[in-house]
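Reader: Hey, could you take a close look at one kind of contact for me? I'd like to hear about the salt bridges in this structure.

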Amino acid sequence: MPKTTDEIIDLLGGADAAARLTQVSTEAVRKWRSAGAIPARHWPAVIAATGLSLADLSGDIAMESETTKPEGATAALVLGDGRVFWGRGFGAHSTGEPAELCFSTGMTGYQETLTDPSFAGQIITFTFPHIGNVGANPEDIEANTSFARGLVINRDITRPSNWRAAEGLAAWCRRMGLPGIAGVDTRALTRTIRDDGPPNALIAYPEDGRFDIPALVERARAWPGLEGMDLAREVSCTQSYEWTETLWDRAHGFGRQNAPKFTVVAVDYGAKRNILRNLASAGCRVIVVPATASAEDILRHQPDGVFLSNGPGDPAATAEYAVPAIRGVLDAGKPLFGICLGHQLLAHTLGAKTYKLARGHRGANQPVQELATGKVEITSQNHGFAVDEASLPDGVTVTHRSLFDGSNEGIACPAKNCLSVQYHPEASPGPSDANHLFRRFVAMMEG
């Protein structure tokens with residue numbers, strides 16, 4: 001049976017101790033007593049200090065202050081631990097689809113971020129407050145649809161102010177079926193994710209304006225999370241196709257590759273379009289095949305090299321069907337290059353393991369060091385899992401490492417003529433420091 005507010009404060013050791021543990025004033029604790037409610041944002045500290053469960057806190061009295069819809073609120077970000085962030089909804093209406101709540105530190109490229117298939121199963125909190133001010137256009141997309149399950153922003157979207165804008169972000173999100181919520185304290189959310197890891201969450205933006213918060217909390221709490229989840233099948237293409245579009249420039253827009261020097265088969269685990277454009281611009285005829293393609297499916301195209309794309313979900317789950325295909329490619333002696341999920345799948349194929357990061361790396365300002373040269377590249381990243389360096393077998397070299405947390409960012413196996421990186425060298429969005437890796441892959445095929 002849920003505890004009363006007075007009982008909880010007593011368990012904390014009184015008003016002074018409660019204030020110290022939850023980092024509020026004693027006046028705030030006095031207001032808890034008078035209101036008969038403890039705001040849900042303080043529940044993790046209360047649970048840690050008292051040993052109570054969420055069920056002990058989530059009765060009608062404890063929920064009252066968080067579940068009462070403030071005036072003007074039309075949407076709610078509901079966390080699986082019971083916390084509720086009210087705001088103003090935009091984009092597509094939603095009754096709440098559970099996902100993992102993460103944050104992205106990129107200051108630009110929100111349209112590319114929202115259409116990156118690697119964000120499947122996730123709600124994106126943008127740490128930069130001004131999202132939507134350059135509008136949206138049909139060119140800055142990485143897939144035809146958005147696989148993300150929502151976005152959280154701080155400031156209301158303003159009118160677009162960019163010569164390339166074709167429509168506003170809110171209208172674009174509505175057309176893409178993507179729910180959003182504005183007016184949220186994204187700094188508080190970011191601290192929550194930083195300190196406690198990415199929580200289960202959902203965005204409720206109902207058309208009728210009605211919220212059943214206890215039911216929404218339970219729905220978010222019951223979601224199983226990304227560990228053990230194979231999402232590459234869901235975002236991959238279903239049949240093979242050829243990609244010829246090259247990189248965009250201001251004078252001509254996108255180009256076409258009409259005279260390729262090499263044939264590359266790209267395995268689509270959730271491939272971003274700009275990666276394929278970089279391969280085409282580097283002189284490659286690019287044939288894209290589904291995530292479930294076998295080694296025979298890949299090799300029948302007689303490729304000069306094979307590329308393993310980025311993608312969402314748990315690499316250990318995708319590895320069940322991807323590893324046999326990758327092993328067949330390596331046994332055939334084909335040069336191989338992997339990015340993000342492709343990097344993790346190559347590691348699994350070579351005998352290593354992956355693990356879930358406490359927070360993940362998402363944004364366009366991530367420093368990575370190349371160990372052989374000492375050179376530091378500022379990179380774009382989007383991943384929640386990493387390669388366990390301790391599990392790498394002999395013959396596999398660690399080539400890159402994160403300067404944020406020391407996690408693995410790249411490997412190579414000269415005997416198998418393969419390399420991979422955890423980050424995104426295609427710079428969409430993000431810096432282009434690592435673009436040279438596409439030329440390195442071409443050099444492998446030339447050699």
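Author: Sure, here is a walk through a few of the salt bridges and where their partners sit. Keep in mind that this is a predicted model. Searching the whole structure turns up 19 salt bridges, so we'll just pick some, using the rule that a Lys or Arg side-chain nitrogen must come within 4 Å of an Asp or Glu carboxyl oxygen.

Let's start with Arg83 and Asp81, whose closest N and O atoms are 2.3 Å apart. Arg83 has 6% relative accessibility, and it counts as buried because the cut-off for that is under 20%. Asp81, with 22%, is partly exposed.

Next up, Asp156 pairs with Arg88, at 2.9 Å from N to O. Asp156 belongs to the loop between β5 and α8, while Arg88 is in strand β2, so this bridge ties together parts that are 68 residues apart in sequence. Both ends are partly exposed: Asp156 has a relative accessibility of 42%, and Arg88 has 38%.

Another pair is Glu242 with Arg285, and here the N to O distance is 3.2 Å. Glu242 comes from strand β8 (residues 241-243) and Arg285 from strand β12 (residues 284-290), so the two link parts that are 43 residues apart in sequence. Glu242 is partly exposed at 44%, and Arg285 is partly exposed too, at 31%.

Finally, salt bridges can share partners: that is how Asp6, Asp10 and Arg33 end up joined in one network.

Note on methods. Residues numbered from 1 in each chain as written. Predicted model: local features only at pLDDT ≥ 70, side-chain atom pairs only at ≥ 80, totals over all residues. Heavy atoms only, no water. Buried < 20%, exposed > 50% of the residue type's maximum accessible area, 1.4 Å probe, protein only. Helix = DSSP H or I, 4+ residues; strand = E, 2+ residues; numbered from the N terminus.
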